[in-house]
Amino acid sequence: MSATTVETRDTPAGGPATPTISVRDLSMTRVRPSGEAVVAFEHLTFEVERGEFVCLIGPSGCGKSSTLSVIAGLEPPTSGEVLVEGEPVAGAGPDRAMLFQEPALFPWLSVRGNLELALKLAGVPASESASRAATWLERMHIESYAERQPHELSAGMRQRAALARALACDPPILLGDEPFGALDALARERLQDLVQGVRVERAERTTFVFATHNVREAVLLADRVLVMSAAPGTLIEEFRIDAARPRTLEDVLVTRVISEIHDLLIPQVEEA
Amino acid sequence: MPRWLRELGPPLLGVVVLILVWALAAALTDTTAIPSPAETWSALRAGIADGSIPEATWKSLLRLAFSFAAALVIGTALGLLLAAFELVRRSVRPLVVALQIIPFVAWVPLAVIWFGVTERAVVFVAIAGSFPSVALATLQGIRQVPPLYIRAGKTLGATGWTLQRDIVFPAAMPAYMTGIQQAWGFAWKALMAGELIVPAVGASGLGHLLDSSQDVAEILAVVGVIAVIGVAVDYLIVGTIDRRVRAKRGLLEPA
């Protein structure tokens, strides 16, 4: 972000002036049921450019999930602010789709029903909804599970359905709160591949911010990894990863960044 | 073992044991106090043959349908108010809990004073006996909605009424249905208490038969009919809806 650029809110799509997400001196203090105040994270400042894939990484409890909640508009920060396309966040909205650690599919609807409800909530006309849902079910390779209820699917399939539900609405921003954290290794890899595919294909169209505690996942997916300290979380380092996509764990650059981030995080984990 | 036998076998066994114990008790005591199963059976057949039991059953079921429908509407509306407004919840919920604790028969004198010896008095008792449970079930259902669904709904763009209609209400259904199962049972019991005590006006219901009958075998036959109807409604109607709601959400224990 160049300081000399004049900022205007009317910058055309793809223009350099307004970052898609701007986190400004964000802090959050939570009060435990015992009455004890705990600082989740403090003085977070970072920006995310349009189409960029940013991963927040840090030890458990460093406040990365809370940071995403604030960007999603699900919780207010204690101080600081989040701007999306230059506008302060004032609540959740379909412009910021979110994946949770649990797939959060609605159990009373079929997989297809989940997609169609999301499309309806996003204001997609009914005439378009069916074909959009079908397209994304196919893209996530779950079209044969479309009429099943979520509880009939494996954890990996459920998270794919959640990804399809989020992407079907064509969100400008996709947030992920450790979305693959509860999956087995194979299902996780498959989803990482799917997300990489989406990232490449959607290029400028979707901006991604994922929280993860998995270093390999962060390096595989992200254009930029923001490393957070142990609680109270602050930003301690930033890695820009220019490796070509699709990336694999065998890539030399990927391997090198993974070990660098590891070395940085280990003392943090010890501290946490 | 065929499926029907596995499902119906144990309850049937329970009924057979009950009848055996009953027959034994009848044989060992004064038969006018405890009529034998055979005597009760013939009283039941006589009651069915002369039309009194079918007619009373029909009348009671109509009253049940009307009263419970009213209790559902009133209770659900009240429950929604309790869920929506914290002040209402904190001030009114204890009253609703108190209402739920009041025994059904306690409403009868009031009902008679307010409505006289009328159909309305009986229906009032049944509604008063069941709507608090519906209200509390509604509140419980809504308050137990997993926060994750609400968070997910909000990030998908659901707000205000849309969030309630598309996310909160369907998510609240399983707990709501559990409460409904309890509430309709209360409606049935309260209706019987009302019919038993409020003298019959026009057509009599099963509760009236209990009161008007002088023969112990007849009374037992009517009690049996009340129980069978209760089990049938519970299993065939309310239970079926409840099982469907749960099965769809994967909440049913595998059989």
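## The sheet of chain A

Let's start in chain A, where six strands form an open sheet in the order β6-β7-β8-β3-β9-β10, with mixed pairing. The edges are taken by β6 and β10 (235–240) of chain A; each has a single partner strand, so one side of each lacks a neighbour in the sheet. Ignoring direction, neighbouring strands of this sheet are turned against each other by 15 degrees on average. Please keep in mind that this is a predicted model.

As background, strands of a sheet pair through backbone hydrogen bonds, and the pairing is either parallel or antiparallel.

## A look at edge strand β6

Strand β6 covers residues 96–99 of chain A. How many bridges join β6(A) to strand β7 of chain A? There are four, and the two strands run parallel, with β7(A) spanning residues 173–177. Two of the residue pairings can be followed by eye: Ala97(A) stands opposite Leu174(A) in β7(A), while Met98(A) has Leu175(A) as its bridge partner in β7(A).

Are the faces of β6(A) covered or not? Both are covered: Arg96(A) and Met98(A) are buried on one side, and Ala97(A) and Leu99(A) are buried on the other. So that you can check this yourself, a residue counts as buried if 20 or more other C-beta atoms lie within 10 Å of its own.

## Chain A as a whole

Chain A holds seven helices and ten strands. A compact globule of 272 residues would have a radius of gyration near 19 Å, and chain A agrees because its value is 19 Å. Along the principal axes, its C-alpha atoms fill a box of roughly 45 × 45 × 45 Å.

Of the 272 residues in chain A, 45% are buried. Among contacts in chain A with a separation of 6 or more, 70% come from residues 24 or more positions apart.

## Confidence

The average pLDDT of chain A is 86, and 93% of the residues score at least 70. Among the elements of this chain, helix α2 (residues 111–121) has the highest mean pLDDT, 94, and helix α7 (residues 252–271) the lowest, 83.

Where does pLDDT stay under 50 in chain A? That happens over residues 1–12, for which the model has twelve contacts beyond four places in sequence.

## Where chains A and B touch

The contact takes 20 residues from chain A and 17 residues from chain B. On the chain B side, α7 (147–155) and α8 (160–197) are the elements that give two or more residues. Of the elements, α7(B) gives the most, with six residues. The residues on this side of chain B divide into eight nonpolar, four polar and five charged.

Methods
Residues numbered from 1 in each chain as written. Chains lettered and ligands numbered in written order. Predicted model: local features only at pLDDT ≥ 70, side-chain atom pairs only at ≥ 80, totals over all residues. Contact = placed C-beta atoms within 7 Å. Nonpolar A, V, L, I, M, F, W, Y, C, P; charged D, E, K, R; others polar. Buried ≥ 20, exposed ≤ 12 C-beta atoms within 10 Å, placed from the backbone. Pairing = 2+ DSSP bridges. pLDDT = per-residue confidence, 0-100. Rg over C-alpha atoms; globule rule 2.2 N^0.38 Å. Axes fitted to C-alpha atoms, helices over the stretch in contact; angles between N-to-C directions.
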